[in-house]
Amino acid sequence: EEKILGAEEKILALEMNLFNLLVVAAADFIPQMQQNAALIGKIDCLLSFAMVARDYRYNRPVVDESMVIDIKQGRHPVIERQMPVGEEYVANDLYLDSERQQIIILTGPNMAGKSALLRQTALITLMAQMGSFVPADSARIGLTDKIFTRVGASDNISVGESTFMVEMNEAASILNNLSARSLVLFDELGRGTSTYDGISIAWSIVEYIHENPKAHARTLFATHYHELNEMEKSLQRVKNFNVSVKEVNGRVIFMRKLMAGGSEHSFGIHVAKIAGMVPSVVKRAEQVLKELEANNTGEGVSRPKTENIQTAGGEGAQLSFFQLDDPVLCQIRDEIINLDINALTPLEALNKLNDIKRIVKGR
């Protein structure tokens, strides 16, 4: 045993000496080894480009010094690999330039594919300038120096920033760093605040990008604010597009095809239904939506009626507190609305309250 242990110690000492000799010898060749590693990395990257292009039908893009992004039948390189078996990714054409079609206002329902279209445009542009073939039938990519994105919703609680504050910080950074060769992607900008504030901010940002004398940055602006479709009428290089759907027997079918023109509906309630929302909530949301659309006269949104609702699944019933079409309540409402409270004396206020009491008793 002593002989064996002694032999092991000698072998270990020899191995350590040999390792030290190799380290000393290799030190003279470190620059060459680093250069070889860098070359192998580049070869690995280029080989990956070639294999992906061969396996997934990518094509060679044209990269030039124009201000054009012209993609024919573009696809998202990640989403198309995750499609269910037998289902094809719906490819789309997209065209942007700085002279005729600088800004696309993209509307359409939730889940229709607006965000995917924004992301695939950014990825195709980036891949083309990396030297890769791209997931499209053809692509002409004018040199792009910056790709700006404002997508997703997040907050930064650690420094006290709300979702809307994060949105505005990122949007401000984009507007302060635009160049003529930038590609700008906005996805649902302004949704972190009230509807009218959000519309106003989104509208003014689109105007700024369009009217900026130094940089007509190519821009995709996905939004649920259908009011922004009106900008096409007054701004020459703004164009409306939508991701199309079909309604069949009350069901919404997502076509995921980019079409010219604006969309008028978001189908958010339909998406809630798909997500498994409680049926009674979906039904009530449909009622509220109809009343809001009927009562919205452009002077703000009226409060919907509260009606008797028989909920599904044995959840019970919620009774209304008042019938807003009751003529007595309408008369009381009118009496109160027409009061000039600041001009009433205490005695007049008591008399008015007595009048309202008589109206109620006269019922």
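This passage describes two sheets, the helices that lie across them, an aromatic pair and a pocket in a predicted model.

One of the sheets is open and consists of 6 strands, which follow one another in the order β6-β7-β8-β4-β9-β10 with mixed pairing. At its edges stand β6, which covers residues 146-150, and β10, and each of these two strands pairs on one side only. From one strand to the next, the twist in this sheet averages 15°. Strands of a sheet pair through backbone hydrogen bonds, and they may do so in either a parallel or an antiparallel manner. Within the sheet, strand β7 (residues 182-187) and strand β8 (residues 218-222) run parallel and are joined by 5 bridges, with V184 standing opposite T219 in β8. Helix α4, formed by residues 163-176, lies across β6 and β7, and its direction makes an angle of about 160° with β6.

The strands β7 and β8 also carry the two members of an aromatic pair, F186 in β7 and F221 in β8, which links distant parts of the chain, since 35 residues separate the two positions. The count of aromatic pairs in the model comes to 1. The ring centres of F186 and F221 are 5.4 Å apart and the ring planes meet at 45°, so the pair is classed as tilted; planes under 30 degrees apart would count as stacked and those over 60 as edge-to-face.

A further open sheet is formed by 4 strands in the order β1-β5-β2-β3, and here too the pairing is mixed. Its edge strands are β1 (62-64) and β3 (92-96), each of which pairs on one side only, while neighbouring strands are turned by 15° against each other on average, if direction is ignored. Strand β1 runs parallel to strand β5 (residues 138-142), to which 3 bridges join it, and V63 is found opposite I141 in β5. Helix α3 lies across β1, β2 (69-74), β3 and β5, running at about 75° to β5.

Helix α3 also contributes to the second largest pocket, which holds about 470 Å³ of space. The lining of this pocket comprises 25 residues, and those nearest its centre are M111, A112, G113, A116 and R256. Both α3 (114-130) and β10 (251-260) supply at least two residues of the lining, and the largest share, 5 residues, comes from α3. By character, the lining residues of the second largest pocket divide into 12 nonpolar, 6 polar and 7 charged.

Key: Residues numbered from 1 in each chain as written. Predicted model: local features only at pLDDT ≥ 70, side-chain atom pairs only at ≥ 80, totals over all residues. Heavy atoms only, no water. 1 Å grid on protein atoms, 1.4 Å probe; cavity = no way out; pocket = protein on both sides within 12 Å on 5 of 7 lines; lining within 4 Å. Points joined across faces, edges and corners; volume = space filled by probe spheres on them. Nonpolar A, V, L, I, M, F, W, Y, C, P; charged D, E, K, R; others polar. Pairing = 2+ DSSP bridges. Axes fitted to C-alpha atoms, helices over the stretch in contact; angles between N-to-C directions. Contact = heavy atoms within 4.5 Å. Phe/Tyr/Trp six-rings, centres within 6.5 Å; stacked < 30°, edge-to-face > 60°.
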